[in-house]
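I am opening a fresh page of my notebook for this chain. My plan is to look up its overall layout, then the sheet, and then a few side chains and turns.

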Amino acid sequence: NKETIFFTFKHKIHNTLKNIESKFSRISEGTANKETEINGIKIIDSEENNRIELYFEGIPSADIRNYLKSKGFKWSPTKKAWQNFRSSLRLTEIKKYIEMIEIIDI
């Protein structure tokens with residue numbers, strides 16, 4: 001006796017609505033943005049703005065700027081930060097790169 005489970009667009013819409021409600025809940029609670037600092041560089045994983053934001057103390061070197069550009073980061077004069085769209089892979093990659101900067105500079 002096999003049971004067949006059908007998923008319809010109704011299920012997909014329901015799950016999407018649950019995800020949106022959960023996101024807005026995190027935004028209203030103030031837990032949507034995660035802030036980390038590595039080697040003096042502040043990294044904000046902003047679920048609210050769907051962005052990864054990098055804040056440097058000063059102007060990063062040309063090598064760092066070129067690397068960021070090659071990974072799709074853009075300079076935001078308004079925020080005074082380097083920004084890119086959120087993705088867990090991109091966030092992991094940029095954190096590893098920033099950790100390596102100190103090793104190279106020492």
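The entries below follow the order in which I looked things up.

**Entry 1: the whole chain.** I note at the start that this is a predicted model, and I keep that in mind for every entry. I counted the elements of secondary structure and found three helices and five strands, which follow one another along the sequence in the pattern α-β-β-β-α-β-β-α. I then looked up how much of the chain is covered, and of its 106 residues 25% count as buried. The accessible surface comes to about 8,300 Å², and 55% of that surface belongs to carbon and sulfur atoms. For contacts between residues at least 6 apart in sequence, I wrote down that 46% join residues at least 24 apart.

**Entry 2: the sheet.** In what order do the strands of the open sheet stand? I read the order as β1-β2-β3-β5-β4, five strands with antiparallel pairing. The edges are taken by β1 (33-38) and β4 (74-76), and each of these has a single partner strand, so one side of each is left without a neighbour in the sheet. From one strand to the next, the twist averages 25 degrees.

**Entry 3: strand β3 and its partners.** I spent some time on β3, which covers residues 51-55, and asked whether its residues are buried or exposed. Four of its five residues are buried, so the strand is largely enclosed by the rest of the structure. On one pairing, strand β2 (residues 41-46) runs antiparallel to β3 over five bridges, and among the partners I looked up, I43 is bridged to L54 in β3. In another pairing, β3 meets strand β5 (residues 81-85), again in the antiparallel sense, over four bridges, where R51 has F85 as its bridge partner in β5. Strand β5 also pairs with β4, antiparallel and over three bridges, and here I noted K74 with its partner Q83 in β5.

**Entry 4: two residues with positive phi.** I next followed the backbone through the loops. Strands β2 and β3 form a hairpin with four residues between them, and N50, which lies in the loop joining these strands, has a phi near 55 degrees, a positive value in a residue other than glycine. With a relative accessible area of 36%, N50 is partly exposed. I found a similar entry to make for K80, which is in the loop between β4 and β5 and has a positive phi of about 55 degrees although it is not a glycine. K80 is exposed, and its relative accessible area is 58%.

**Entry 5: rings.** How many aromatic pairs does a search of the whole structure find? The search gives two. One of them is formed by Y67 and Y97, whose rings are stacked, with 3.7 Å from centre to centre and 10 degrees between the planes. I checked where these residues sit, and the pair links distant parts of the chain, since Y67 is in helix α2 (residues 62-70) and Y97 is in helix α3 (residues 88-105), 30 residues apart. Both Y67 and Y97 are buried, and the cut-off for that word is under 20% relative accessible area. My last look was at Y55, where the charged end of K42 sits over the ring, 5.0 Å from its centre.

Definitions and conventions
Residues numbered from 1 in each chain as written. Predicted model: local features only at pLDDT ≥ 70, side-chain atom pairs only at ≥ 80, totals over all residues. Heavy atoms only, no water. Phe/Tyr/Trp six-rings, centres within 6.5 Å; stacked < 30°, edge-to-face > 60°. Buried < 20%, exposed > 50% of the residue type's maximum accessible area, 1.4 Å probe, protein only. Lys NZ or Arg CZ within 6 Å of the ring centre and 35° of its normal. Pairing = 2+ DSSP bridges. Axes fitted to C-alpha atoms, helices over the stretch in contact; angles between N-to-C directions. Contact = heavy atoms within 4.5 Å. Areas by Shrake-Rupley, 256 points an atom, 1.4 Å probe, with all protein chains shown as cover.
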